[in-house]
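Okay, everyone, thanks for coming. I'd like to walk you through one structure today, starting with a single residue and working outwards.

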Amino acid sequence: VQLQASGGGLVQAGGSLRLSCVASGRSFSKSGMGWFRQAPENEREFVAAISWSGGITSYTDSVKGRFTISRDNAKNTVYLQMNSLKPEDTAVYYCAAGTYSSLLEGSYDYWGQGTQVTVSS
């Protein structure tokens, strides 16, 4: 089982990036999916989660109104559209899979490798 995140990069403040996370090895169509991030010298932080159907989403307060999580179960892929990026969004972003409620609590069943997002001021 593998979760492969991609789409990170260097962007100026106010810019946008779209992260993707492709799951392989099994179907995650009945699993919640989420994004976490970790900046240097900071603890891992929950960013967003989406239910298996895509009908329920949750975001940390600092990204509400700027980030949108979505999924395509046919492609076993979850996305994170990030708009109006700020320097404080700079971090390594990781995707994870588990129950929706456990993701909100910072727990997961599967964890992917990260993708670096750097926002310059």
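**A walk around the chain**

Let's begin at Tyr108, which touches Arg44, Ala96, Ala97 and Leu103, if you don't count residues up to four places away in sequence. Before I go on, please keep in mind that this is a predicted model. So where does Tyr108 sit? You'll find Tyr108 in the loop between α1 (100-104) and β10 (110-111). With a relative accessible area of 32%, Tyr108 is partly exposed. And if you go looking for Ala48, that residue is 60 residues from Tyr108 in sequence, and in space the two are 13 Å apart, C-alpha to C-alpha.

Okay, zooming out. How many helices and strands does the protein have? The count is one helix and 11 strands. If you read along the sequence, the pattern goes β-β-β-β-β-β-β-β-β-α-β-β.

Now the overall dimensions. The C-alpha trace spans about 40 × 25 × 25 Å along its principal axes. For 121 residues, you'd expect a compact globule to have a radius of gyration near 14 Å, and the protein comes in at 13 Å, which agrees. Of those 121 residues, 45% count as buried. The accessible surface is about 6,000 Å², and carbon and sulfur atoms make up 46% of that. As for contacts, take the ones with a separation of 6 or more: 57% of them come from residues 24 or more positions apart.

Next, the start of the chain. Val1 lies in the segment before β1 (2-6). Is Val1 buried or exposed? Val1 has 57% relative accessibility; the cut-off for exposed is over 50%, so Val1 counts as exposed. Even so, Val1 has partners: leaving out residues up to four places away in sequence, Val1 touches Ser24, Gly25, Arg26, Phe28 and Tyr110. Tyr59 is another matter: Val1 and Tyr59 are 58 residues apart in sequence, and their C-alpha atoms are 26 Å apart in space.

Hold on to Phe28, please, as that name comes back with the cavity. A search of the whole structure turns up one cavity of 30 Å³ or more. The largest cavity has a volume of about 50 Å³. Which residues line the largest cavity? They are Phe28, Ser29, Met33, Arg71, Asp72, Asn73, Asn76, Thr77 and Val78. The elements giving two or more residues to that lining are β7 (67-72) and β8 (77-82). Sort the lining by class and you get three nonpolar, four polar and two charged residues.

One of those lining residues, Asn76, deserves a second look. Asn76 sits in the loop between β7 and β8. Asn76 isn't a glycine, yet its phi is positive, at about 55°. Is Asn76 buried or exposed? Asn76 has 16% relative accessibility, and buried means under 20%, so Asn76 counts as buried.

Moving along the chain, Ser84 also has a positive phi, about 50° in this case, although Ser84 is not a glycine. The loop here is the one between β8 and β9 (91-98). In terms of exposure, Ser84 is partly exposed, with a relative accessible area of 40%.

Two more loops and then I'm done. What about Ala13, and which residues is Ala13 in contact with? Setting aside neighbours within four places in sequence, the list is Leu85, Pro87, Val119, Ser120 and Ser121. Ala13 itself lies in the loop between β2 (9-12) and β3 (17-24). At 41% relative accessibility, Ala13 counts as partly exposed. And here we get back to our starting residue: Ala13 and Tyr108 are 95 residues apart along the chain, with 31 Å between their C-alpha atoms.

The last stop is Gly54, in the loop between β5 (45-50) and β6 (57-59). Gly54 counts as partly exposed, at 30% relative accessibility. Gly54 is 22 residues from Gly32 along the chain, and 8.5 Å separates their C-alpha atoms.

If you want one thing to look at on your own screens, turn to Asn76, with its positive phi and its place in the lining of the largest cavity. That's all from me; over to you.

How values were computed
Residues are numbered from 1 along each chain as its sequence is written. This is a predicted model: local features need pLDDT of at least 70, side-chain atom pairs count only at pLDDT 80 or more; totals for chains, interfaces and linings use all residues. Side-chain values use heavy atoms; hydrogens and water are left out. On a 1 Å grid over the protein atoms alone, a cavity is a set of points where a 1.4 Å probe fits but cannot get out, and a pocket is an open set with protein on both sides within 12 Å along at least five of seven lines; lining residues have an atom within 4 Å of a point. Grid points are joined across faces, edges and corners, and a volume is the space filled by probe spheres set on the points. Helices (H or I, at least four residues) and strands (E, at least two) are DSSP runs, numbered from the N terminus. Ala, Val, Leu, Ile, Met, Phe, Trp, Tyr, Cys and Pro count as nonpolar, Asp, Glu, Lys and Arg as charged, and the others, Gly among them, as polar. The radius of gyration is taken over C-alpha atoms; the globule rule is 2.2 Å times the number of residues to the power 0.38. Buried means under 20% relative accessible area, exposed over 50%, partly exposed in between (1.4 Å probe, protein chains only). Contact means heavy atoms within 4.5 Å. Accessible areas come from the Shrake-Rupley method with a 1.4 Å probe; for residues, only the protein chains shown count as cover.
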